[in-house]
Amino acid sequence: MLSLFLVGILTALVLLLFLSSWKRKNLPPGPVPWPLIGNLHQLDKSAPYKTFMELGEKYGEVFTIFFGPLPVVVLYGYDTLKDALIGQAEDFGGRAILPVFERLTHRQGLVFSNGLHWKEQRKFTLTTLRDFGMGKKSIEERVTEEAKFLVEFFQKKQGKPFNPMGRISAAVSNVICSIVFGDRFNTEDPTFQTLLRMINENVLFMGSHGFQVYNTYSYILRWLPGEHNNIFENARVLQAFLKGLIKDHIASRDPSCSRDFVDSFLNKINEDANKPNPNFTMDSLTYTTFNLFFAGTETTASTIRWAIKFMLMYPEIQEKVQKEIDSVLGPGKCPSLEDRARLPYTNAVIHEVQRVASIIPTGLPHAALHDISFRGYTIPKGTQIITLLHSSLYDKQFWEDTDHFNPNRFLDENGKFKKNDAHIPFGAGKRVCVGESLARMELFIFFITLLQKFTFEIPAGDSSSLKLADGGMRSLKPFNICAVERV
Ligand code: HEM
């Protein structure tokens, strides 16, 4: 009895100590953390972002939760995200190099780095992606070609049920592969399919409950067997594959004529070779291409799957999109971004797909690289910051009836496309998605090409309900479709 009493007193003391030190730091408010575990036990196991949304309802615009002993600040709602990511862009532009990222890319490459290394990788990547056609006509042709291959594959199914997941990922991945490696892969290639499966597995892990637990206790977990090791093994295989492609480039390249992103990066490595601490090295090349292969595949592919799923669920919306496409493009003309203004309803549908899908609900983790003052609070240097993009895409101040799929919210009274500032699926500020213009083009061309050629139907006996895979990304569980050719 006495020992129980002592344990109780001790726990209360630790809790008080913890609480008082937390208050002293002038952090934003939040739920009371437990010693050692913080608030980890409160996170929704299959989708942690749901817990952040609930806490946002309770604590408001900015709140603190604890992953183990470490505070994590969450930005909730469009106004807060805008004030932080745009209003204080320099302060909020840091990336949290969590233990998972550290082990994947060793603070190098574009996505999981900071400081000069990040600045140089970002500038080089943006310029080079543009040089190789991102946002331009030349890449539009590449996307159109890939969309045609996808159409041929769907046609072969002759309206019978099939799961389109792997093929959509392959089509999308081939676009970024053409820019980065100068070539596309055969979509039938089993190695390519395996790599895509690994990307999918890793993307789902990011932001999941297991991801948060690994980051909190990595000093123990990294030595223990378990599912968390799969992502590192996947990354090892992927990086070995990329190194092979880079080696082939070195053997066949002509420095005076860059064929693709990798060739340009190799030139940059040579240019910077005599600098004291070069940021362009063989390692950073591997990690940046690894980043692009990853970021450029599952995100867009997942959004296209959402778009098809919504067409299954809302046949009347599908019909309206097809009518608009038929009247503007007819059955044969390939879509081009130039047609966007003449396809306002279709454009509205794509925007609403991205809003409701909210595929990266927590964004990618940011960090305070120095003490930040924000809304009267202090976010200490080193604190992880979660930019809860979902809270903007579902912000009740900016969207009516947030859960409802309603493309009309993107149209004005004359049927013209109408923007909404809270639509930030690509993030905002210094770290805004590097591939935004490419992704927008891909979504537009793939979606229109598919609906020009097919009507999507739910296979007999299947349900049209939304079933989400567990994990940090809002990905749909695999589902079957019937792609019925339009005549
Ligand atoms: C529908 C498709 C896509 C969505 C919704 C999306 C969304 C995002 C989001 C939310 C971020 C994090 C922003 C932040 O840290 O605040 C991001 C970063 C990034 N995205 Fe995308 N993305 C998509 C497609 C692409 C594509 C096709 C590429 C390939 C070029 C790409 C490359 C990147 C890179 C390299 C970053 C890291 C930027 C940095 O840390 O500076 N993304 N994306």
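Before I begin, one term: a residue counts as buried when its relative accessible area is under 20%, as exposed when that value is over 50%, and as partly exposed in between. Please also keep in mind that what we are looking at is a predicted model.

Let me start with a pair of charged side chains, E90 and K430, which meet in a salt bridge with 3.4 Å from N to O. This pair links distant parts of the chain, since the two residues are 340 residues apart: E90 sits in the loop between helix 3 and strand 3, while K430 sits in the loop between helix 17 and helix 18. Are the two partners buried, partly exposed or exposed? E90 has a relative accessible area of 58%, and because that is over 50% it is called exposed, whereas K430, at 37%, falls in between and therefore counts as partly exposed.

That bridge belongs to a longer list, as a search of the whole structure finds 23 salt bridges. One of the others joins E102 and R107, whose side chains meet at 2.9 Å from N to O; here E102 has a relative accessible area of 29% and is partly exposed, and R107, at 46%, is partly exposed as well.

Another salt bridge, between E146 and R142, also has 2.9 Å from N to O, and its setting is a helix, because E146 and R142 are four residues apart in helix 6, residues 137-156, which means that about one helical turn separates them. Both E146 and R142 are buried, and through salt bridges that share partners, R142, E145, E146 and R184 are joined into one network.

Let me now go back to the loop between helix 17 and helix 18, because C433 lies there too. What does the protein offer to the iron atom of the ligand? There is a single donor from the protein, the SG atom of C433, which is 2.3 Å away from the iron.

Finally, I would like to turn to helix 18 itself and its contact with helix 14, which covers residues 298-313. The axes of the two helices come within 10 Å and cross at roughly 35°, and the crossing is right-handed. On the helix 14 side the contact includes T300, T303 and I304, and on the helix 18 side it includes A439, E442 and F446. Sorted by class, the residues of this contact are ten nonpolar, two polar and one charged.

Technical notes: Residues numbered from 1 in each chain as written. Predicted model: local features only at pLDDT ≥ 70, side-chain atom pairs only at ≥ 80, totals over all residues. Heavy atoms only, no water. Salt bridge = Lys/Arg side-chain N within 4 Å of Asp/Glu carboxyl O. Buried < 20%, exposed > 50% of the residue type's maximum accessible area, 1.4 Å probe, protein only. Donors = N, O, S within 2.8 Å, 3.2 Å for Na, K, Ca; no water. Axes fitted to C-alpha atoms, helices over the stretch in contact; angles between N-to-C directions. Left-handed = near helix turned anticlockwise from the far one by under 90°. Contact = heavy atoms within 4.5 Å. Nonpolar A, V, L, I, M, F, W, Y, C, P; charged D, E, K, R; others polar.
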